[in-house]
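Hello,

Here is the structure I promised to pass on to you. Please have a look at it first, and then read my notes underneath.

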Amino acid sequence: MTFNKICLYFFSFTVLFSACKVEYSFTGTTLDYNVTNTFSVANFFNDSGGGPANMGQLFTEDLKDYFQRNTQLELIQNSGDLQFSGAITGYTISPQATVSSTNANQPDRAGQMRVTIRVEVEFINTKNEEENTKKTFSYFQDYNPSNTTLLEVESELVETIFEGIIQDIFTSTVANW
């Protein structure tokens, strides 16, 4: 009788856990690579009217690189299973903290300046159209204009801002956060 109970428990345990499937990824993706194999990224153009001249090209290449490093998807020229397109729609520089001048003849100045970039992204998932979306992503970085000029730090700021935006795009599209 105990042998039958042990077999019954073992069988139940096996059936219960064989029906469960646990999947995880170190990058947090929810992609099924049996269904989704490719991605494509159309050129993002700088429609903001500001920023470095090559900003659109930099963003496009950084987005491609990020997805190649963090997924098993193959990059193709056009019509990937996952498709990204859009434009850089905003590049603003704004003062964040003013510093009052002690001299009445000198104006107050900005103690911190903020560079903000907005990117509008259209995401198309040809394997699951319910995930298709069009969103605007935004990120910013501050710098201190009293010790540096924008020209000295702009490329570094843009790179850091793009990293933040691309991580947000990644989690919003393939990690479903």
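**Salt bridges and two strands**

K64 and E61 pair through their side chains in a salt bridge, with N to O at 3.5 Å. Before going further, please keep in mind that this is a predicted model. Both residues belong to helix α2 (residues 55-70), and because they sit 3 residues apart there, about one helical turn separates them. K64 has a relative accessible area of 16%, so it is buried, being under the 20% cut-off. E61, in contrast, is partly exposed at 35%.

How many salt bridges does the structure hold? There are 4, and I will describe two more of them here.

K127 forms a salt bridge with D81, and their closest N and O atoms are 3.9 Å apart. This pair links distant parts of the chain: K127 is in the loop between β5 and β6 (133-143), D81 is in the loop between β3 and β4 (82-99), and their positions lie 46 residues apart in the numbering. K127 is partly exposed, with a relative accessibility of 46%, while D81 is buried at 11%.

K134 forms a salt bridge with E120, where the closest N and O atoms are 3.6 Å apart. K134 lies in strand β6 and E120 in strand β5, so this salt bridge ties together parts that are 14 residues apart in sequence. K134 is exposed, with a relative accessible area of 55%, and E120 is partly exposed at 30%.

D81 also turns up in the surroundings of N125, a residue of strand β5 (residues 109-125). Is N125 buried or exposed? With a relative accessibility of 5%, N125 counts as buried. Its side chain makes a polar contact with the side chain of E131 at 2.8 Å, and the side chain of N125 also reaches the backbone nitrogen of N128 at 3.2 Å. Leaving aside neighbours within four places in sequence, N125 is in contact with D81, L82, E131 and N132.

Finally, a word on strand β1 (residues 38-41), which is covered on both faces. T38 and S40 are buried on one side, and F39 and V41 are buried on the other. Which strand does β1 join? It is β3 (residues 74-75): the two run parallel and are joined by 2 bridges. The bridge partner of F39 in β3 is L75.

I hope these notes help you find your way around.

Best wishes

How values were computed: Residues numbered from 1 in each chain as written. Predicted model: local features only at pLDDT ≥ 70, side-chain atom pairs only at ≥ 80, totals over all residues. Heavy atoms only, no water. Buried < 20%, exposed > 50% of the residue type's maximum accessible area, 1.4 Å probe, protein only. Helix = DSSP H or I, 4+ residues; strand = E, 2+ residues; numbered from the N terminus. Pairing = 2+ DSSP bridges. Polar contact = N/O pair within 3.5 Å; in protein donor to acceptor, adjacent residues only side chain to side chain. Contact = heavy atoms within 4.5 Å.
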